[in-house]
Amino acid sequence: MARDVQITFDCGDPAGLSAFWAEALGYRLQDPPEGFESWEQALEAMGVPPENRNDASAVLDPAGAGPRLFFQRVPEGKQAKNRVHIDVRAAPGLEGDARMTALEAEAERLVSHGATRVRRHEPAPPLDGGHIVMADPEGNEFCLD
């Protein structure tokens, strides 16, 4: 039996990081609870103090196929390299120069949204088609492949 999966990020700015990942993956911010026009309105009605209104955020795949990403505020910053990371399939079906050109374009787009480029790995057939290692605005590594 398959299970639903949620990927959780510990972070310092849930709203900012969720906005980045929504942009990176073509996801959307999760809607506020029914009956509320905004999260601010919902959190106010729930009695959440203003200083806690950026404690969590979530993004969803609009098609409902991908996992929900949940962002929760923690007091400490990132300490070491990620042991698990997200691979963003930015050049499906492409090979060689066409693949790397598509990955470079996506890397440039994500840098404009706060990502950092870490390094490029050239294609090494037959097993590695080439990829670009990136970091999100809080330093979490991910790959464009």
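This is a short talk through the two domains of one chain and the strands and helices in them.

Hi everyone, thanks for coming. A quick word first: what you see above is a predicted model, so please keep that in mind as we go.

Let's begin with the layout. The domain assignment splits the chain into domain 1, residues 6-73, and domain 2, residues 86-144. Their C-alpha centres are 25 Å apart. The two do touch: 10 residues of domain 1 are in contact with 12 residues of domain 2.

Now to the sheet with strand 1 in it. There are four strands here, forming an open sheet in the order 1-4-3-2, and the pairing is mixed. Strand 1 (6-11) and strand 2 (28-29) sit at the edges, each pairing on one side only. Strand 1 runs parallel to strand 4, residues 68-73, and six bridges join them. If you want one pair to click on, Q6 has R68 of strand 4 as its bridge partner.

Across this sheet goes helix 1, residues 14-25. Helix 1 lies across strand 1, strand 2, strand 3 (56-60) and strand 4, and its angle to strand 4 is about 160°.

On to helix 3, residues 96-111. From first C-alpha to last, its 16 residues reach 23 Å, close to the 22 Å expected at 1.5 Å a residue. Which residues of helix 3 are buried? They are R99, M100, L103, E106, A107 and L110. Looking down the helix axis, these buried residues fall within an arc of 125°, so they line one face of helix 3. The face turned away from that buried side carries the exposed residues D97, T101 and E108. And what do the buried residues of helix 3 pack against? Their partners are helix 1, strand 6 (116-121), strand 7 (131-135) and strand 8 (141-144).

Let me finish with strand 8. Strand 8 is covered on both faces: E141 and C143 are buried on one side, F142 and L144 on the other. Strand 5, residues 86-88, pairs with strand 8 in the parallel sense over three bridges, with I86 opposite F142. Strand 7 pairs with strand 8 in the antiparallel sense, over four bridges, and there V133 stands opposite C143. The hairpin of strand 7 and strand 8 has five residues between the strands, and G139 takes a positive phi near 90° in it.

That's my tour. Happy to look at any of it on screen with you!

Conventions. Residues are numbered from 1 along each chain as its sequence is written. This is a predicted model: local features need pLDDT of at least 70, side-chain atom pairs count only at pLDDT 80 or more; totals for chains, interfaces and linings use all residues. Side-chain values use heavy atoms; hydrogens and water are left out. Two strands pair if DSSP finds at least two bridges between them. Helices (H or I, at least four residues) and strands (E, at least two) are DSSP runs, numbered from the N terminus. Contact means heavy atoms within 4.5 Å. Axes are lines fitted to C-alpha atoms, for helices over the stretch in contact, and angles run from 0 to 180 degrees between N-to-C directions. The expected span of a helix is 1.5 Å times one less than its number of residues. Buried means under 20% relative accessible area, exposed over 50%, partly exposed in between (1.4 Å probe, protein chains only). The arc is that of the directions from the helix axis to the C-beta atoms. Domain bounds come from an automatic or database domain assignment.
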